[in-house]
Amino acid sequence: MPIVNIKLAKPEFNKIQKEELIADITELLHVKYNKPKQNIVVILEDIEPFNIGFSGESVENLRLKDIK
């Protein structure tokens, strides 16, 4: 049983986009790797942008720099 856990920095995806992402990942595993759809689990986790960092800086701060 494939279990896929995807962590997303909030608020990148809305509800419809998340539903599409789940469907796309499921379809990929089904078609490419011949996994039964009913056995595929996809978990999406929203992570606050201040809890994710690149090169020593939080995603929240990096996004603020892009706005300016």
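Me: Helices are DSSP runs of H or I with at least four residues, strands are DSSP runs of E with at least two, and both are numbered from the N terminus. In which loop is the place of Pro 11?

Reply: We are looking at a predicted model, where local features need pLDDT of at least 70, side-chain atom pairs count only at pLDDT 80 or more, and totals for chains, interfaces and linings use all residues. Residues are numbered from 1 along each chain as its sequence is written, while side-chain values use heavy atoms, leaving out hydrogens and water. A cis peptide bond links Lys 10 to Pro 11, with omega at about -15°. You will find Pro 11 in the loop between β1 and α1.

Me: In which helix is confidence lowest?

Reply: Confidence here is pLDDT, the predictor's score for each residue from 0 to 100. The protein chain averages 93, and 99% of the residues score at least 70. Confidence peaks at a mean of 97 in helix α1 (residues 15-33), and is lowest, at 87, in helix α2.

Me: In which order do the elements run from the N terminus on?

Reply: Let's take stock before we walk along the protein chain. It has two helices and four strands. From the N terminus on, they follow the order β-α-β-β-β-α.

Me: In which sense do strand β1 and strand β2 pair?

Reply: Strands count as paired if DSSP finds at least two bridges between them. Val 4 stands opposite Val 42 in β2. Strand β1 (residues 3-9) and strand β2 (residues 41-47) share seven bridges, and their sense is parallel.

Me: Is the protein chain a compact globule or more spread out?

Reply: The radius of gyration is taken over C-alpha atoms, and the globule rule is 2.2 Å times the number of residues to the power 0.38. The C-alpha atoms fill a box of roughly 45 × 25 × 15 Å along the principal axes. For 68 residues the rule gives 11 Å, and the radius of gyration is 15 Å, well over that, so compared with a compact globule the protein chain is more spread out.

Me: Does Ser 55 count as buried or exposed?

Reply: Buried means under 20% relative accessible area, exposed over 50%, and partly exposed in between (1.4 Å probe, protein chains only). Ser 55 lies in the loop between β3 (53-54) and β4 (57-58), and has a positive phi of about 50° although it is not a glycine. Its relative accessible area is 85%, so Ser 55 counts as exposed.
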